[in-house]
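Student: Before I trust the labels attached to a model, I would like to hear the reasoning behind them. Could we go through some of them together?

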Amino acid sequence: MDLSLNNIHHQYGDVNILSDINFDINSGEIVCIIGPSGCGKSTLLRFLGGLERPTSGEVLQIGSPPDSCLNPLTYIFQDFALLPWRSVEGNISLALEDHRIPADQASAIINDVLARTKLTDFRKALPRQLSGGMKQRVAIARALCVNPAVLLMDEPLSALDSQTRELLMDDLVDLWTREQFTACYVTHNLAEAVRLGHKIVVLSRRPGTIREIVEIDTPLADRKKDIVAMEQKQEYLWNLMRDEALAADMELTDD
Amino acid sequence: MTESLSTRGTSARSSSTAAKPVPFRGGGFRTSPIPWISPVVFIGLIAFWHWGSTSGFIPALVLPSPGESLQAFINLFESGLLWLHVSASLQRLLIGWTAGTILGISVGLFVALSSIGRAAIAPLVAAIMPVPKIALLPLFIIWFGIGEGSKVATILFGVFFPTVISTFGAVDNVDRTLIRMGQSFGLSWSSIVRKIIFPGALPAILSGFRISASIAIILLVAAEMIGAQYGIGAYVLLAGSLMATDQLIAGVAILSALGLTVSYLIGRAERYFLGWRT
């Protein structure tokens with residue numbers, strides 16, 4: 001299943017947030033969206049999953065998701081959004097409970113995603129007992145258990161410290177290498193974009209328009225070895241964004 | 001860098017005054033539990049009261065001695081009336097508080113979750129909330145009869161309004177990102193209410209229980225002062241009109257014990273339901 005954004009335009013009152021956004025998310029690729037703060041990248045992600053509607057333009061779903069897919073468009077949030085009163089297991093099963101899956105099948109799914117995210121030993125733990133990185137792993141496990149066609153990630157690593165971020169980035173690369181999932185990954189961290197993105201959409205500051213779409217052909221698994229080339233890409237992206245970021249920083253916000 | 005700092009440090013120490021520890025300024029605002037203080041204060045007060053009564057410092061007309069009050073309580077117990085009074089009161093309290101709480105939580109959820117509910121009921125609740133429910137007792141007697149109905153209704157109404165307000169506020173304070181998470185996984189409306197909103201609101205609802213339970217006890221006594229044969233309120237009122245202050249003190253002690261029990265039970269419920277908090 002592919003997603004296609006057609007002439008997305010959005011405004012709050014008479015403030016233009018996004019204008020003229022067109023790009024595709026093809027099956028099996030990770031598309032990163034980067035841009036200065038307040039450029040509307042998270043808003044754009046909410047349009048992609050149908051949590052909000054753009055003022056004009058549309059998000060198209062091309063082809064239908066596979067039958068095994070319980071929730072085609074699944075989010076991973078920056079602040080994890082785990083229910084503090086449910087255990088790791090309970091948080092994951094929340095996503096399955098509304099789908100009337102037989103109990104043994106549901107527990108098989110939960111065991112599988114716990115193993116894939118290396119959480120098997122923590123299934124009974126409550127969120128408050130877990131570190132930030134573990135919490136985000138739980139959120140990733142919860143997202144994987146519904147077998148999403150497209151993962152929508154809203155700065156998933158931004159609330160974590162840099163070491164944990166590094167570890168989780170490796171985990172995401174591993175996950176993708178084993179099974180090519182489709183994702184849209186919003187971030188303000190250029191290193192993350194360069195490590196994970198097949199396609200990097202660079203947005204300008206408000207009103208957000210597409211500055212450039214940068215493609216990186218190096219396979220995800222090889223990027224860590226190819227440090228020099230990745231540094232160059234990052235440098236290139238930073239040059240695209242620097243002035244925008246500077247200007248965005250000086251802006252007064254009303255909302 | 002470190003070297004230059006350390007040499008500066010040592011030179012300063014040798015040249016000026018001697019070294020002294022940095023003064024501690026972090027104390028004073030953190031209380032720590034001292035378990036033996038409260039029984040000592042309690043026993044000390046009773047001992048003072050006993051000494052005052054026996055020495056004549058406190059005249060018997062002003063306050064009966066603790067021994068007399070205890071005797072009144074024992075008499076009440078031996079006559080078998082204690083259980084009649086307490087069970088009558090407990091029954092009214094239980095029915096009134098439970099019904100008021102269930103209604104209050106339901107209406108509170110409705111007010112918090114629907115725009116119509118919010119617009120229609122919230123101002124109504126705000127208007128009736130400050131009315132002392134005991135002022136409505138005569139009306140309740142006309143509507144529900146002089147028997148149990150009017151007493152239970154007084155408690156029910158007294159509990160209902162604060163519960164609506166605390167539920168409403170609790171639901172409003174549930175983390176929006178959790179609700180959005182539920183929507184993003186395609187959960188149904190009722191699943192989101194049952195699995196995300198209600199548990200998220202529970203801490204504030206339970207702390208509302210403390211307020212509604214004490215209101216219920218106050219209204220219980222007030223309601224029992226009119227047309228009740230049995231009940232702790234009736235017992236206290238009768239003792240008061242006979243100037244039997246020893247019985248009055250015994251009745252007040254029963255009410256205090258009732259209040260403490262209720263607050264203990266709510267504490268247990270909080271620990272059971274909110275164990276996930278820390």
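The conversation below takes several labels in turn and sets each value against its cut-off.

Tutor: Keep in mind throughout that this is a predicted model.

Student: Why is the contact of Lys195(B) with Glu97(A) called a salt bridge?

Tutor: The nitrogen-to-oxygen distance between their side chains is 2.8 Å, and the cut-off is 4 Å, so the pair qualifies as a salt bridge. The pair also crosses between chains, running from helix 9 of chain B, where Lys195(B) sits, to helix 2 of chain A, which holds Glu97(A).

Student: What makes Lys195(B) buried?

Tutor: Its relative accessible area is 13%, and because buried means under 20%, Lys195(B) falls in that class. Glu97(A), by contrast, has 33%, which lies between the limits of 20% and 50%, so Glu97(A) is partly exposed.

Student: Which residues are linked with these two in a network of salt bridges?

Tutor: Arg86(A) and Asp98(A) are linked with Glu97(A) and Lys195(B) in that network.

Student: How do you know that Asp222(A) and Lys225(A) form a salt bridge, and why is Lys225(A) called exposed?

Tutor: Their closest N and O atoms are 3.5 Å apart, which is within 4 Å, so the salt bridge is accepted. Lys225(A) has a relative accessible area of 67%, and since exposed means over 50%, the label follows. Asp222(A), at 32%, counts as partly exposed.

Student: And what is the radius of gyration of chain B, set against that of a compact globule?

Tutor: Chain B has 28 Å, whereas a compact globule of 278 residues would have a value near 19 Å, so chain B does not match the globule rule.

Notes: Residues are numbered from 1 along each chain as its sequence is written. Chains are lettered from A and ligands numbered from 1 in the order in which they are written. This is a predicted model: local features need pLDDT of at least 70, side-chain atom pairs count only at pLDDT 80 or more; totals for chains, interfaces and linings use all residues. Side-chain values use heavy atoms; hydrogens and water are left out. The radius of gyration is taken over C-alpha atoms; the globule rule is 2.2 Å times the number of residues to the power 0.38. Helices (H or I, at least four residues) and strands (E, at least two) are DSSP runs, numbered from the N terminus. Buried means under 20% relative accessible area, exposed over 50%, partly exposed in between (1.4 Å probe, protein chains only).
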